[in-house]
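Me: Could you zoom in on one part of this model and walk me through what packs around it? Then carry on outward from there, and give me the cut-offs as you go.

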Amino acid sequence: MHAQSFTSSNLPIVLINTDTNEAGVPQEIQDEIRIGANLKIIYRPDGSRNYLTDQTNANYLNYNGRISIEIRGSSSQSLPKKPYGLTTLEADNTSNNNVSLLGMPEENDWILNALAYDNSLIRDVLSYDLARSIGEYAPRVQFCEVVINGTYQGLYLLSEKIKIDANRVNIVKLTSTDNTLPNISGGYITKCDKTTGGDPIAWEFSTYIGNTVAFIHDVPNPTEVTTQQNNYIFNRFTALENAAAAQNASVGNGYPSMIDVPTFVDFMLINELASNVDGYQLSTYFHKDRNGKLRAGPIWDFNLAYGLDVFGNRSLTNVWQFDNGDNVGAKFWKNLYNNSIFNCHLRKRWTELAAANAPMNYNSLLSKINSYTTLIAEARVRENTRWGTIGNYTGNINTLKSWLQTRINWLQTNLGTPANCTFPTPAPVVISKINYNPVAVAPNSSNALEFIELTNNSAQTVNVSGYYFKELGVTYIFPNNATLAPNSKIYLASDATAFTAVYGFAPYATFTRNLSNKSEALVLADAFGNVVDSVTYFDNTPWPSEADGNGAYLSLIDLNADNALAENWTATSTPLSANEFEFDHTPQVYPNPTTATLYIYHPKVRIKTYEVLDLLGRSMMGQNLLMKNEISIDLSALAAQQYFLKLLFEDGSSVVKKILKQ
């Protein structure tokens with residue numbers, strides 16, 4: 001290790017000066033004991049070169065303020081170059097200061113990743129960028145060079161910490177009072193990891209190699225999680241373990257009803273592409289939103305991957321990391337892989353991602369690697385001078401590239417293609433109306449009046465069992481055996497009582513959380529995550545501005561148009577009508593026409609009364625207080641003609657349907 005003169009960089013420069021002790025000496029940064037410090041980040045907004053002398057120029061300071069800081073990490077703590085965790089603080093040294101650092105969204109918890117053991121210096125950034133490029137959240141990072149108390153410390157990654165936040169893990173934050181449904185259902189961040197930080201093990205699952213894997217609460221904090229919350233999330237993982245072991249792929253009670261299949265598929269593919277030594281058993285995160293499915297990720301800690309393993313020889317090109325005899329994780333990983341339906345989705349996704357110009361294609365990865373190595377070309381020389389841990393950098397990168405090519409070829413051979421798989425044809429269910437920023441109608445808030453309209457754009461009944469919105473934000477999962485009648489519309493609302501009071505009828509169901517007033521991706525998918533319909537709306541041009549808090553809502557102009565395009569939407573303030581809602585809340589009524597018996601079924605609410613009226617409005621027959629989801633009516637005594645069927649539901653909503661007796 002050698003000190004060196006450091007005056008400027010093409011990368012941002014991070015300056016940390018810790019508070020001094022009584023003798024006026026800067027304090028050393030400790031493990032698990034946070035100390036105060038001042039942080040400056042020198043970064044010229046035009047991307048030009050940064051100089052240490054810029055620290056006195058406010059125009060070039062991306063951040064200039066207080067922090068608390070500590071050493072973090074597990075085995076990496078033993079190295080001379082330390083990783084750090086820091087929190088940006090207000091001037092009072094107590095209040096969190098949510099700020100944007102180097103273009104990353106505002107937050108207060110950050111990490112300085114020391115790139116431990118990684119002689120390429122790019123394994124983590126490659127993995128995190130890859131995850132985001134395939135649609136999964138992973139911590140955003142920025143390369144920087146760090147100086148602490150005047151001493152150059154080398155090349156680091158300034159990184160987001162995994163935590164609940166609208167721009168990080170976008171789930172509801174659980175409180176200590178959320179101990180009954182629906183609130184107890186989320187949100188959680190759970191991890192499989194070492195207990196280095198002193199966090200207690202919540203529970204353990206056995207593995208296929210005879211050891212156990214430890215599950216640890218990350219959010220809520222292990223010291224704050226209640227018994228009820230611990231039991232709830234443990235039972236969700238246990239249900240997954242049992243369903244995967246039983247190879248139960250039922251959308252009603254199998255693993256698709258419990259997990260977001262695409263996130264588990266993507267998590268496996270990223271960890272297997274990298275042959276991540278720690279994957280599945282260590283640094284393995286899961287998260288679950290309120291009323292949502294259990295999701296795998298975000299990914300974390302890929303320094304022992306892509307052929308590098310300083311503790312053995314486990315990151316190989318010709319093994320499955322979930323089944324290689326070391327760090328294999330819980331049994332459900334292998335059981336999911338062995339399930340034919342899950343495996344088909346794994347192969348399909350791999351084929352998509354490994355195609356030409358796709359993120360996991362070798363040439364795409366090669367381009368990323370080259371861009372990173374160019375960016376850090378001068379900093380890695382200073383890094384090696386400071387710590388002497390890189391060696392032959394060109395050789396390291398060439399070895400990584402060669403390893404990656406071999407690994408991709410092995411995965412292609414052993415995963416294969418989905419040629420023999422069958423996937424469902426996307427159902428003709430269309431997101432047709434969105435009220436994302438309504439005008440408040442007293443006593444209801446604006447959020448309470450949000451709704452999403454879905455339309456069955458076909459003449460056939462569509463089974464929507466297990467359909468759900470797969471992007472984090474709004475949460476709703478259709479119940480088992482739910483169907484949409486031909487050409488019918490349904491409304492999902494944020495608040496059923498407010499919706500009914502303002503719009504005049506009850507919605508089909510309510511969703512959890514609220515629509516963004518800025519932009520949100522609404523992705524309706526089947527139980528396995530296959531996309532049915534997708535709309536990402538915005539509150540600015542070319543999307544109609546009248547729908548942004550001005551009394552109108554977004555309405556699709558033509559059900560057969562591409563609803564991903566703003567020009568196919570208009571803003572309308574036309575009241576929702578009961579006639580329109582005749583389709584929305586109508587149960588299945590069949591057969592219609594009928595010669596004798598008429599059957600009525602509603603999957604969501606029970607039928608309170610029915611009445612059959614002739615065309616003059618005279619009551620021909622009826623019955624009260626049935627309180628059933630399914631009834632049958634014998635019409636054999638009625639004359640052959642058209643009638644009206646009037647239904648009243650237990651939630652107070654009603655509907656009138658035309659029926660024909662033959």
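Reply: Helix 1 (residues 123-133) has 9 of its 11 residues buried, so the rest of the structure largely encloses it. Buried here means under 20% relative accessible area, with exposed over 50% and partly exposed in between (1.4 Å probe, protein chains only). Helices (H or I, at least four residues) and strands (E, at least two) are DSSP runs, numbered from the N terminus. Before going on: this is a predicted model, where local features need pLDDT of at least 70 and side-chain atom pairs count only at pLDDT 80 or more, while totals for chains, interfaces and linings use all residues. Residues are numbered from 1 along each chain as its sequence is written, and side-chain values use heavy atoms, leaving out hydrogens and water.

The buried residues of helix 1 are R123, D124, V125, L126, S127, Y128, D129, L130 and A131. Their cover includes strand 7 (109-113), strand 8 and strand 9, plus helix 3 (261-274), helix 6 (362-375) and helix 8 (393-415); contact means heavy atoms within 4.5 Å. Just after helix 1, G135 takes a positive phi of about 100°.

Now follow those covering strands. Strands 7, 8 and 9 belong to a closed barrel of 7 strands, in the order 2-3-5-6-7-9-8, with mixed pairing. Neighbouring strands of this sheet are turned by 40° against each other on average, direction ignored. Two strands pair if DSSP finds at least two bridges between them. In the same barrel, strand 2 (residues 13-18) and strand 3 (residues 35-42) pair in the antiparallel sense over 6 bridges, and L15 has K40 as its bridge partner in strand 3.

Back at strands 8 and 9, helix 7 (residues 377-387) lies across strand 8 (141-148) and strand 9 (151-160), running at about 125° to strand 9. Axes are lines fitted to C-alpha atoms, for helices over the stretch in contact, and angles run from 0 to 180 degrees between N-to-C directions.

For a helix-on-helix case, try helix 4 (residues 331-338) and helix 5 (residues 340-353): they pack at about 80°, with their axes 5 Å apart. They are therefore roughly perpendicular to each other; under 35 degrees counts as roughly parallel, over 145 as roughly antiparallel, 65 to 115 as roughly perpendicular, and the rest as oblique. L336, Y337 and N338 of helix 4 make the contact with S340, F342, N343 and L346 of helix 5.
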